[in-house]
Amino acid sequence: MSMRGHSGVSAELAAVDGRRRINMDKVMTGICFVLLLIIVVIPIVMIIYNAFFNEGRLEIEMFRTQMTDSKNLDAMFNTLKIAIGATVLGTIMGVFYAWLLGRSDIPAKGLMRALFNIPYMFPPFLGAMAWDMMFNGRSGYINKWLASVFHLESMPININSVWGIIFVEVSYYFPFVFMQVVSALERMDPTLEESARIAGARQHQVIWKITLPLVKPAISAGALLILTTSLAHFGVPSILGYAKGIYTLPTRIYAVIYNSGGSFDGIRQGAALSVMLVIVVSLALILQNRILSAGSYDIIKGKSMRPTLIKLRGAKIPLFLLAIFTLVLIVIVPLVMIVLISFLKAYGLPLQFKNFTLAQYQKVFSANGTIDSIRNSLFASITAGVVCMFLGTLVAYVVQKIRPKGKEVLEVVSMLPYAIPGTVLSIGVILAWSGRIFGINLYNTIWIILVAYLARYLSFSMKTSSAALLQVHSSLEEAARVCGASHTEGLADITLPLIRPAMVSGFFLIFLPAMREVTTSILLYGPYTRTLGVQIYSLRDAGMIPQAAALATVAIGIIIVLNTIVTHVTKDRKGV
Amino acid sequence: MADQIILRNVTKKFTTKTLGDIVAVDNFNLQVHEGECFSFLGPSGCGKSTTLRMIAGFEDLTEGEIELCGRLVSSSRKNLYVPPEERGLGMVFQAFAVWPHMNVFENVAFPLRIAKVNKTDIDRRVAEALHHTSLTGLEKTFPGDLSGGQQQRIALARAIVTNPKVMLLDEPLSNLDPKLRETMRFEIKALQRKFNFTIIFVTHDQSEAMAISDRMMVCDMGRIMQIDTPENLYNKPCNRFVHNFLGESTFIRVVVKDGRAYPAGHMDQALDVAVPKDAADEMVVATRPNEIALTGPCEGGFASRIEKRIFLTDRTEYLIPVGDQLLKVQTPHRITFSEGEACCVHFTEPMWYPADDEEAEKERARRQLV
Amino acid sequence: MANVKFENITFRYGQNTVLNNFSLEVESGKIVCLVGPSGCGKTTLVRSLLGLGKPETGTITVGERCLFDAKRRINVPAEKRNIGIVFQDYAVWPHMTVIENVSYPLKKQRRPKEEIHRRAMHALEQVHMTEYANHLPNQLSGGQQQRVAIARAIVVDSDLLVMDEPITNLDAKLREEMLLEIRMIQKRLGATILYITHDQQSALQLCDKMAIMEQDGTLCQYGTDEEIILHPANRFTFEFIGVSNFLPVVAAADGPALDCGTLFPYAGEVPPEALRGGFELGVRPNDVVFDKDSPIRAKVDSRVFLGSEYNYFLSLGNRQIRVQQSMLDARQRGTAAEGDEVGIRFLNTRFYPAKKGGQAA
């Protein structure tokens, strides 16, 4: 009889042990429910309530006006256009490079694979900044250069367009598909393809009829990740589109609140728009669930054998160069551009050595709030990381091992913020914690940012800890019990150490994106609580582009250092 | 009978980063006759799978040539290599390799669709293949909803639907449970009778190979040891490795003195075996545990006693001291001795191997560890 | 002393009764195998013994010590039961080195450091793993991990060891080795070993005594390997322990006969109660021998050479029977070819009531 069947082992043990344990389980479960209520449920309820109610009365009017406002409809249309465009192009690009690296004999695979993951590390809004510097429809550096070389009347490329936004989003989001598909290709049993060869299919027929259909689940998973991320994305459209009047729903929400000067009415309008955005994202998520549950099959069995690599022959060098070119274009060029601009005496001067200076760095660090912003970001992201790490593990433990009644509710609630765009979450947090409930007012403090981060990132650590806990087979803890350890000792000696690596990587999974976060904090920051992302954004917004670039360079430096530390820390893991 | 698969001096070398050059297949020569069921048998790393993959066309060879149905498909001399899809083979893999995104019908129809067979013919031929593999009625089912045995039947149906002359089976039964393995073995043989193809069957399971093959090749460490019928391989193994690899074996080291064989470490009682004329001073006598007859103490033979008795599900195993060694004997349950009881051991036609094979055996074991 | 006594154990999962009023007493210092088809409740029984599951009724005692008594509301927690356990999936803790794994039970007993090290090393010695003391489990093979699990189970000198399918995840060759190893360890320690498996073969190779459980969780037979093999108590044991043929027995006008569509007169001895109808003759495939003079005539459907034996399927009337002929037999009596008609004789026969409903194959 398989022990996997005993999912409720812990509950069973509790019954055997007597009263004390029961209470501890109940305490843990209770804590989970209360914390999730405060962190997740209240903000969400506040949004819905404020979108439809005013001073306790049902009021659909405002919601209707917002829904029919042509600016909002335009924004919605743009959001969809960008999301669909980015998804289609990002998927094609991701699949193409995944196949090239997973199945062909293209050289330098390891290096290329590492490089293809880099866009994943950097905040897209910094990339958008760089591209704006190069191809701004009026003053992009490369645009100007091209125009002078080819004696053009107008700028050849305008990045401040829907297509520009799509391009930048694709370059940062295609790794979602790339990584999923590469790993699916690696895990795939090569005899599935070999048997098609034996059946008489030629190489290209095998790709179209066997390989691609088999990795379809991985492709759709990645594609839908692009879709949902893009729908909720704030950074790139705000940097590239805002000035040109191209709005998406997230930037529109920001604009509405910003223009109203943070008045309650503005926030309510934002809440109404948020409901609209949440509906769109939910539809995408429902679609995702449908597609993923329909097409999951097992392609990983059989003996591990290296797949026969397809010889590219004549196409090898051109494809290799194409891959290198892509990497340079999406990874190196924007980086170089930001660093170069950060050395400029003033934005707009030609990129020549005589115009270079270190003054921008000096200025930015003596400027109001820069040091504060780094400190704020470090504080908020480390605290959020640590708290989420423990809270997420607690929720995961309750859901996986204690399995109380209503565990499904816990699971859904903790994953809910994952489906809610950062902008929307911010509005919920504002509505909840600016004095309206129990008079608690966190607005303009760093705590409101922290609360928002907790809600936003809890699902990350909960996911990693859950996966790790599932791997900890109950017999490991049982073996400890039989060896003379009490339940608590078993937890402390066996289960926790085993999931510790997962908890640590859960921490970094939160800490790293929180460090460069801009979407959530842009709506929550106060005069003394700017975050690093917000500071870069506002510097740029205020026209101090070289200073923004200098701070961006520093931010990128920090990110690279942190990432190196992460890889180092998580490299040799003892756990599951 | 014509030779349908011919391997001439086939050699395959791999270069690995850690171990340097490895000769996976060393100068293989063999002919497989038309309509024959031919097994490649050997421990893992013996070169059997590599050979099969060279025949299928998934690996190119380093030296030599391969001929399929009178057509040269691989040749190092002529720098010729025909890709797998043009070799006209059927193949079944260990992990089934049925495509999970296609239903049963589509899986089996795939080779025909690729060959652009017209629709009515596809329907007819797929129905026929499904009929012969007892899958009729499951056309619309997806492989993920079927058992391992049924999935392997799909793979078989897909392989026979093009009516190939040669069928390559790469450990097709290893992923099935023992009971199913036996049934599938019969089904494969029945299909062979019906469609009259030549089978190459790769396995590491000797009893499976013996049950299914007309002839088989036993190989070890990249070299062919012996090619013969199962009965001949079992009864007349060419060396100690083959003896040990096929069926159960029990070995007794003996010292030959005055034309009689004494178990090592015990010179007062000779074994009741005829010593071959050319026997060296030290030899190894090999036999099968169930070919040794066990009788009561006063009926001749080598007198000893039962040291240990172990009941197995279908027979009883006895360990009996012979000199300083223990002889393994197996009898049906109905023949019962108790531990410590005196008994007599009778050998029937044992095999003789040079004693220095012992060293070779140790060397083998060592190499396997490395 | 560690005789284990299960009395009137009843265990339910929801509506599903796994064990119903189950009793078994296991003698001290023996290797006892608990054998049964999967799902028969043997694992549930062992989990109750370990304190990882709680039966509804009954008592469990080890030696003089009562571990569980439903009536007296005694339920010693798992960590206080002092039973060594080896799980099927090893359950070796991957974040601890081999020596840390083995030391853990002693640490929980708060032994002095020096003693912990000495005893842990001694336990590793017993399983020949001393040189791997500082390895992590993922650097070890499956067999080695299982050795670590055994060392961890024996380190506290518990007089009762429980092994739950410990060799199932190992390959065939390693399985044999581990069985020998377990036997040696038991000899050295003198502990009682309760060994759970669904594999009759390994149970026979290992045990002093076997308890065979039926699918519905009842105890079918408890005895030595000799008793089980030579005197199976009932049809379930006989069928469970090996391959078998069954042929219906009837009383014909001129004595006992086998009813296979046509009647074959049966000359062997038949106990009188078997002639009252509804009985079948059971015989092992290697107890069917060719005898050209026998009136029981069968046709050879297929013959397969399996190395150590020939495997035949014969048609006897409307029945198919299986025959295994050892090479020794084949040499002495000769083989039969497919399509031949042969006379057969049954040795070592048994008679059991026929199963209701189905025909035995």
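Domain bounds here come from an automatic or database domain assignment. With that noted, I looked up chain A of this predicted model and found domain 1 (1–49 + 359–576) and domain 2 (59–342).

**Entry: confidence**

I checked the scores before anything else. The predictor gives the complex an ipTM of 0.81 and a pTM of 0.78. For chain C, I noted a mean pLDDT of 88, with 98% of its residues at 70 or more.

**Entry: the two domains of chain A**

I took the centres of domain 1 and domain 2 of chain A over C-alpha atoms and got a separation of 26 Å. Their contact draws on 29 residues from domain 1 of chain A and 28 residues from domain 2 of chain A. On the domain 1 side, I listed the elements that give two or more residues: helix 2 (19–52), helix 20, helix 24 (521–524), helix 25 and helix 26 (545–571) of chain A. Helix 26 of chain A gives the most to that side, with 10 residues. Sorted by class, the domain 1 side has 20 nonpolar, seven polar and two charged residues.

**Entry: helix 18 against helix 25, chain A**

I then turned to a helix pair in chain A. Helix 18 (residues 370–402) and helix 25 (residues 532–541) of chain A pack at an angle of about 145°, and their axes are 7 Å apart. From helix 18 of chain A, the contact uses A:Thr370, A:Ser373, A:Ile374 and A:Ser377; from helix 25 of chain A, it uses A:Leu532, A:Val534 and A:Gln535. I sorted the residues of this contact into three nonpolar, four polar and no charged.

**Entry: A:Thr445**

Next I looked up a single loop residue. A:Thr445 sits in the loop between helix 20 (422–433) and helix 21 (446–471) of chain A. I wrote it down as partly exposed because A:Thr445 has 15 C-beta neighbours inside 10 Å. Leaving out residues up to four places away in sequence, A:Thr445 touches A:Gly526 and A:Thr529. I also checked A:Phe353, 92 residues from A:Thr445 along the chain, and their C-alpha atoms are separated by 43 Å.

**Entry: strand 3 of chain B**

Over in chain B, I went for strand 3 (residues 37–41). Five of its five residues are buried. In a regular strand the side chains alternate between the two faces of the sheet, so I sorted the residues by side. B:Cys37, B:Ser39 and B:Leu41 are on one side, B:Phe38 and B:Phe40 on the other, and both faces are covered.

I followed the pairing too. Five bridges join strand 3 to strand 9 (residues 198–203) of chain B, and the two run parallel. Here B:Cys37 stands opposite B:Ile199. Strand 3 of chain B also runs parallel to strand 10 (residues 215–220) of chain B, joined by four bridges. There I found B:Met216 as the bridge partner of B:Ser39.

**Entry: chain C and its contacts**

I finished with the contacts between chains. Chain A gives 22 residues and chain C gives 27 residues to their contact. On the chain A side, helix 1 (9–17), helix 22 (474–482) and helix 23 (487–515) of chain A each give two or more residues. The largest share of that side, six residues, comes from helix 22 of chain A. I counted it by class as 12 nonpolar, five polar and five charged residues.

For chain C with chain B, I have 25 residues from chain C and 25 residues from chain B. The chain C elements giving two or more residues are helix 6 (200–206), helix 7 (225–230), strand 17 (297–305) and helix 9 (327–333). By class, this side of chain C has 11 nonpolar, nine polar and five charged residues.

Note on methods
Residues are numbered from 1 along each chain as its sequence is written. Chains are lettered from A and ligands numbered from 1 in the order in which they are written. This is a predicted model: local features need pLDDT of at least 70, side-chain atom pairs count only at pLDDT 80 or more; totals for chains, interfaces and linings use all residues. Two residues are in contact if their C-beta atoms, placed from the backbone, lie within 7 Å. Ala, Val, Leu, Ile, Met, Phe, Trp, Tyr, Cys and Pro count as nonpolar, Asp, Glu, Lys and Arg as charged, and the others, Gly among them, as polar. A residue is buried if 20 or more other C-beta atoms lie within 10 Å of its own, exposed if 12 or fewer, and partly exposed in between; C-beta atoms are placed from the backbone. Two strands pair if DSSP finds at least two bridges between them. Axes are lines fitted to C-alpha atoms, for helices over the stretch in contact, and angles run from 0 to 180 degrees between N-to-C directions. pLDDT is the predictor's confidence in each residue, from 0 to 100.
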